[in-house]
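Please look over the sequence and the 3D structure shown here before reading the report.

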Amino acid sequence: MSPKRTVQLRANGTEYAAKAETRTTLADFLRRQCGLTGTHLGCEHGVCGTCTVLVDGAAVRSCLILAVQADGCEVSTIEGLVDTTDPGNPVLGPVQQAFADAMSFQCGFCTPGIIMSTVAWLADRPVGAGEPTDGEIRELLAGTLCRCTGYTSIVEGVRLAAQRSSSGGP
C-alpha cells in the first residue's frame with residue numbers, strides 16, 4: 001500500500017481536501033474523493049484524451065498526473081462549465097452549447113475530454129485570430145480518440161464555439 005497524503009485543491013470553485021494514496025491519479029481523485037464523475041477514464045495511459053481537465057488553466061490528461069501533483073491547484077472539469085446559479089434551470093457553458101447545437105457527439109464518452117481541450121484551446125487563441133481552419137481544428141482533435149463519429153460533427157462544434165467566442169456570443 002502506498003503512503004497517504006492530504007490533497008487540497010479547488011475544483012470548479014469548490015474546495016476539496018481528502019487523503020489519497022500518493023499513487024492516486026488526479027482522475028481517480030476527482031471521481032472518488034470529489035464526486036466529479038464527468039471526467040471519464042478510457043485508456044488510463046494518456047492516449048485517448050477522455051480524461052482531459054484543466055489544471056491552472058492548462059489542459060492535462062488527468063490519468064497521467066498524480067493527485068498530489070495537483071495539490072494547491074485550480075482544477076476545472078466538465079461539471080464546472082455549467083452555470084448552476086439557478087439550480088432549477090442549469091445553463092450549459094458556451095462550448096457545451098455549441099457542441100449541442102452542432103450535435104457534436106454520439107455516445108458522449110469522449111465528449112468531456114474534447115470539450116475541456118476545446119475550452120483550453122480557445123482560451124489560448126489570440127484575439128482576432130479569425131475562424132480556425134479545418135486543419136487547426138483537426139490538430140486539436142488529434143489529442144482525443146472518438147470511436148463513434150467521423151469527427152465531422154465535432155469539427156463543426158469546435159468551429160461554432162470558436163465563432164461564438166470571437167463574436168462574444170453565447
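The report below goes through a helix and its cover, the nonpolar cores, a helix pair and some single residues.

The model is predicted, so local features need pLDDT of at least 70 and side-chain atom pairs count only at pLDDT 80 or more, while totals for chains, interfaces and linings use all residues. Residues are numbered from 1 along each chain as its sequence is written, and side-chain values use heavy atoms, with hydrogens and water left out.

**Helix α1**

Helices (H or I, at least four residues) and strands (E, at least two) are DSSP runs, numbered from the N terminus. Helix α1 spans residues 26-33, and L26, A27, D28, F29 and L30 in it are buried. Buried means under 20% relative accessible area, exposed over 50%, and partly exposed in between (1.4 Å probe, protein chains only). The cover over the buried residues of α1 includes the strands β1 (4-11), β2 (14-21), β3 (52-55) and β5 (74-76). After α1 comes G35, with a positive phi near 70°.

**Nonpolar cores**

A nonpolar core is a set of buried Ala, Val, Leu, Ile, Met, Phe, Trp, Tyr and Cys residues joined through side-chain atoms within 4.5 Å. The largest such core has 23 residues, of which F99, L141, I154 and V158 touch the most other members. At least two residues of this core come from each of α2 (94-101), α3 (111-124), α4 (134-141) and α5 (152-167). Another core, of 18 residues, lies apart from it and has C34, A67, A70 and C73 among its members.

Contact means heavy atoms within 4.5 Å. Leaving out residues up to four places away in sequence, I154 touches F99, S104, I114, L141, C146 and T149.

**The pair α3 and α4**

How do α3 and α4 pack? Their angle is about 125°, and their axes are 10 Å apart. Axes are lines fitted to C-alpha atoms, for helices over the stretch in contact, and angles run from 0 to 180 degrees between N-to-C directions. This angle makes α3 oblique to α4. Angles under 35 degrees count as roughly parallel, over 145 as roughly antiparallel, 65 to 115 as roughly perpendicular and the rest as oblique.

On the α3 side, I114, S117, T118 and W121 meet E136, I137, L140 and L141 of α4. The residues of this contact are five nonpolar, two polar and one charged. Here Ala, Val, Leu, Ile, Met, Phe, Trp, Tyr, Cys and Pro count as nonpolar, Asp, Glu, Lys and Arg as charged, and the others, Gly among them, as polar.

T118, in helix α3, is buried, with a relative accessible area of 0%. Apart from neighbours within four places in sequence, T118 is in contact with V95, F99, L140 and V158.

**Residues in loops**

Most residues other than glycine have a negative phi. N12 has a positive phi near 55° and is not a glycine. D56, also not a glycine, has a positive phi of about 50°. The table gives the loop and the relative accessibility of some loop residues.

| Residue | Loop | Relative accessibility |
|---|---|---|
| N12 | between β1 and β2 | 26%, partly exposed |
| D56 | between β3 and β4 (58-61) | 53%, exposed |
| C110 | between α2 and α3 | 8%, buried |

Which residues does C110 touch? Not counting residues up to four places away in sequence, C110 touches T50, T144, L145 and C146. C110 and C48 are 62 residues apart along the chain, and their C-alpha atoms are separated by 8.2 Å.
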